[in-house]
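Subject: Structure handover

Hello,

Here is the structure I said I would pass on. My notes on it follow below.

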Amino acid sequence: MSRDTVVAKRYAKALFELANEQGIVSETEDQLKLIVQGLKNDADARKFLELPSIEPEKKIAVLKGAFGDHVSALVLHTLELILVRGRQELISDVYDAYTKIAGEALGQAHAVVYTAHSLSASELAEVEVSFGKLSGKKIVAEQIVKPDLLGGVQVRIGDRLYDGSLSGKLERLQKSFKI
């Protein structure tokens, strides 16, 4: 495990403990997701945060201006700590670690559902229920469309991949012929 991963987990654990005390665990997760997606979609903002020549106070001011009305003081304070310590590259890792910690504590698991075509909300809910029974946790699913799957579904929960896709089945069939 890399040093950055360990550091990100420490930030996430501290943030979770404070959010849990305040009863805002899921809200905090949503706010972190908003920030991570915002930075992911805005290359200029990412570059700005990564520039070592810009003082952390200016970076903090920009984040407060962009997200201040949408995130809690707790999340803003955590971002301030990360930026003051020059660890802005960890923001996404902190979010990932936070979702795992929060999920374990609340009996939830995050799943990424890959499909060839977009699923309706009810179909995605069915996938959540089915894999919830399998894993024994409440599943919170995010859908990603991958046309190269041809059909079926792949579900990633943590480090485990459940592959029921047509392309996966064809690949396994092809391997069986080579033996």
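**The β3–β4 hairpin**

I start with a single pair of residues: V155 has Y162 in β4 as its bridge partner. Please keep in mind throughout that this is a predicted model.

The pair belongs to a ladder of 4 bridges between β3 (residues 153–157) and β4, and the two strands run antiparallel. R156 stands opposite L161 in β4. β3 and β4 make up a hairpin that leaves 2 residues between the strands. In its turn, G158 has a positive phi of about 65°.

**The sheet**

The hairpin is part of an open sheet of 4 strands, ordered β2-β1-β3-β4, with mixed pairing. At the edges are β2 (138–145) and β4 (160–163), each of which pairs on one side only. From one strand to the next, the twist averages 20°.

One helix belongs in this picture too. Helix α7 (residues 121–135) lies across β1 (108–115), β2, β3 and β4. Relative to β2, α7 runs at about 130°.

**The chain overall**

The chain contains 8 helices and 4 strands. In sequence order the pattern is α-α-α-α-α-α-β-α-β-β-β-α. Along the principal axes, the C-alpha atoms fill a box of roughly 60 × 35 × 35 Å. Of the 179 residues in the chain, 35% are buried. Among contacts with a separation of 6 or more, 69% come from residues 24 or more positions apart.

**Helix α1 against helix α6**

How do these two helices cross? The axes of α1 (residues 3–22) and α6 (residues 91–106) come within 8 Å, with a crossing angle of roughly 50°. That angle makes α1 oblique to α6. The crossing is right-handed.

On the α1 side, the residues in contact are A8, K9, Y11, A12, K13, L15, F16 and A19. They meet D93, V94, A97, Y98, I101, A102 and A105 in α6. Sorted by class, the contact of α1 with α6 has 12 nonpolar residues, no polar ones and 3 charged ones.

**Helix α2 against helix α5**

For α2 (residues 25–41) and α5 (residues 73–84), the axes come within 10 Å and cross at roughly 50°. α2 and α5 are therefore oblique to each other. This crossing, too, is right-handed.

T28, Q31, L32 and I35 are the α2 residues that meet α5, where their counterparts are L74, V75 and L79. The contact of α2 with α5 has 5 nonpolar and 2 polar residues, and no charged ones.

**S72**

One loop residue is worth a separate entry. S72 lies between α4 (56–67) and α5, in the loop that joins them. Is S72 buried or exposed? Its relative accessible area is 17%, and the cut-off for buried is under 20%, so S72 counts as buried. Setting aside neighbours within four places in sequence, S72 is in contact with I24 and Q31. Q31 has already appeared above, as one of the α2 residues that meet α5.

Regards

Definitions and conventions: Residues are numbered from 1 along each chain as its sequence is written. This is a predicted model: local features need pLDDT of at least 70, side-chain atom pairs count only at pLDDT 80 or more; totals for chains, interfaces and linings use all residues. Side-chain values use heavy atoms; hydrogens and water are left out. Two strands pair if DSSP finds at least two bridges between them. Axes are lines fitted to C-alpha atoms, for helices over the stretch in contact, and angles run from 0 to 180 degrees between N-to-C directions. Contact means heavy atoms within 4.5 Å. Angles under 35 degrees count as roughly parallel, over 145 as roughly antiparallel, 65 to 115 as roughly perpendicular and the rest as oblique. A crossing is left-handed if the near helix is turned anticlockwise from the far one by less than a right angle, and right-handed if clockwise. Ala, Val, Leu, Ile, Met, Phe, Trp, Tyr, Cys and Pro count as nonpolar, Asp, Glu, Lys and Arg as charged, and the others, Gly among them, as polar. Buried means under 20% relative accessible area, exposed over 50%, partly exposed in between (1.4 Å probe, protein chains only).
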